[in-house]
Amino acid sequence: YPAVYPPPFYFYLTPLALLPYRLATSVWFLLNELFLLTALLWCGAEKLYRSPARMAMLSVIVVAFQPLYEQMANGQANLLLLVGVVLAVRLWAMGSMWSGVVLGLTAMVKPQFALLGLLWIHPTEWRHLGTAAATICVLELGALAVVGLDDWLIHLRYTRDFPCAYSLWILNISLRG
């Protein structure tokens, strides 16, 4: 099967690949729940503990929202992306240089998320954009050194020649789409 994600993403998931399948699936599911809970808490942390209704709604979303379970059952990385984007924006609002690192790591899962770097085009935000670009370069060069050029070329060909039926599917944004 062709490399759907950039090679550095597979390094993120290597620990799961070393586990037995059922254990890896359970760990992935629990990680996704943790990603979702973390993203929701970061989005409204200061408001949650003042409102029991918001806390109850957060619990319902995390525990019983069917579309999220479908995503998790399919092994999608969408909740990992959600927590990455929320953390990058939260760190950016705090003025932390780590926001660029987090955005660079997120872009290594799905490259189109690098477009969030356009927020930093403003002249005073170049340091965040530079940090994100440096993170992406380090990860790409590191992956190139470890896996070689062939895996990158397979991934780029897959992205370029993405089947038209999938290109129009909203969950799979590709260069061709």
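This report walks through how helix 6 sits between its two partners, helix 5 and helix 7.

Bear in mind that this is a predicted model. The protein has nine helices and zero strands, so to speak a run of α-α-α-α-α-α-α-α-α along the sequence. Of the 177 residues in the protein, 33% are buried. Among contacts with a separation of 6 or more, 62% join residues that are 24 or more positions apart.

**Helix 6 and its cover**

Let's start with helix 6, which spans residues 98–107. This helix is mostly covered, with seven of its 10 residues buried. The buried ones are Ser-99, Gly-100, Val-102, Leu-103, Gly-104, Thr-106 and Ala-107. What do the buried residues of helix 6 pack against? They pack against helix 5 and helix 7, and the two pairings look like this:

| Pair | Axis distance | Angle | Handedness |
|---|---|---|---|
| Helix 5 and helix 6 | 8 Å | about 160 degrees | left-handed |
| Helix 6 and helix 7 | within 7 Å | roughly 40 degrees | right-handed |

**The helix 5 side**

Helix 5 covers residues 78–93. Angles over 145 degrees count as roughly antiparallel, and with an angle of about 160 degrees, helix 5 and helix 6 are therefore roughly antiparallel to each other. On the helix 5 side, the contact is made by Leu-81, Gly-84, Val-85, Leu-87, Ala-88, Leu-91 and Trp-92. Helix 6 brings Trp-98, Ser-99, Val-102, Leu-103 and Thr-106 to that contact. Sorted by class, these residues come out as nine nonpolar, three polar and no charged.

**The helix 7 side**

Now for the other partner, helix 7, which runs over residues 126–147. Its axis crosses that of helix 6 at roughly 40 degrees, and the two helices are therefore oblique to each other. From helix 6, the contact takes in Ser-99, Gly-100, Val-101, Leu-103, Gly-104, Leu-105 and Ala-107. Helix 7 answers with His-128, Thr-131, Ala-132, Thr-135, Ile-136 and Leu-139. The class count here is seven nonpolar, six polar and no charged residues.

Some residues turn up in both contacts: Ser-99 and Leu-103 of helix 6 are listed with helix 5 and with helix 7.

**Two residues of helix 7 up close**

Ala-132 is a good one to click on. It belongs to helix 7 and counts as buried, at 4% relative accessibility. Which residue lies 4.5 Å from Ala-132, C-alpha to C-alpha, although 28 residues away in sequence? That is Gly-104. Setting aside residues up to four places away in sequence, Ala-132 touches Gly-100, Leu-103, Gly-104 and Trp-120.

Thr-135 is also in helix 7. Is Thr-135 buried or exposed? With a relative accessible area of 12%, Thr-135 is buried, because the cut-off for that label is under 20%. Leaving out its neighbours within four places in sequence, Thr-135 is in contact with Gly-100, Val-101, Gly-104 and Leu-105. A polar atom of the Thr-135 side chain also lies 2.8 Å from the backbone oxygen of Thr-131.

How do these contacts fit a helix? An α-helix has 3.6 residues a turn, so residues three or four places apart point the same way. Gly-100 and Gly-104 are among the contacts of Thr-135, and both are also touched by Ala-132.

How values were computed: Residues are numbered from 1 along each chain as its sequence is written. This is a predicted model: local features need pLDDT of at least 70, side-chain atom pairs count only at pLDDT 80 or more; totals for chains, interfaces and linings use all residues. Side-chain values use heavy atoms; hydrogens and water are left out. Axes are lines fitted to C-alpha atoms, for helices over the stretch in contact, and angles run from 0 to 180 degrees between N-to-C directions. Angles under 35 degrees count as roughly parallel, over 145 as roughly antiparallel, 65 to 115 as roughly perpendicular and the rest as oblique. A crossing is left-handed if the near helix is turned anticlockwise from the far one by less than a right angle, and right-handed if clockwise. Contact means heavy atoms within 4.5 Å. Ala, Val, Leu, Ile, Met, Phe, Trp, Tyr, Cys and Pro count as nonpolar, Asp, Glu, Lys and Arg as charged, and the others, Gly among them, as polar. Buried means under 20% relative accessible area, exposed over 50%, partly exposed in between (1.4 Å probe, protein chains only). A polar contact is a pair of N or O atoms within 3.5 Å; within protein, one must be able to donate a hydrogen and the other to accept it, and residues adjacent in sequence count only if both atoms are side-chain atoms.
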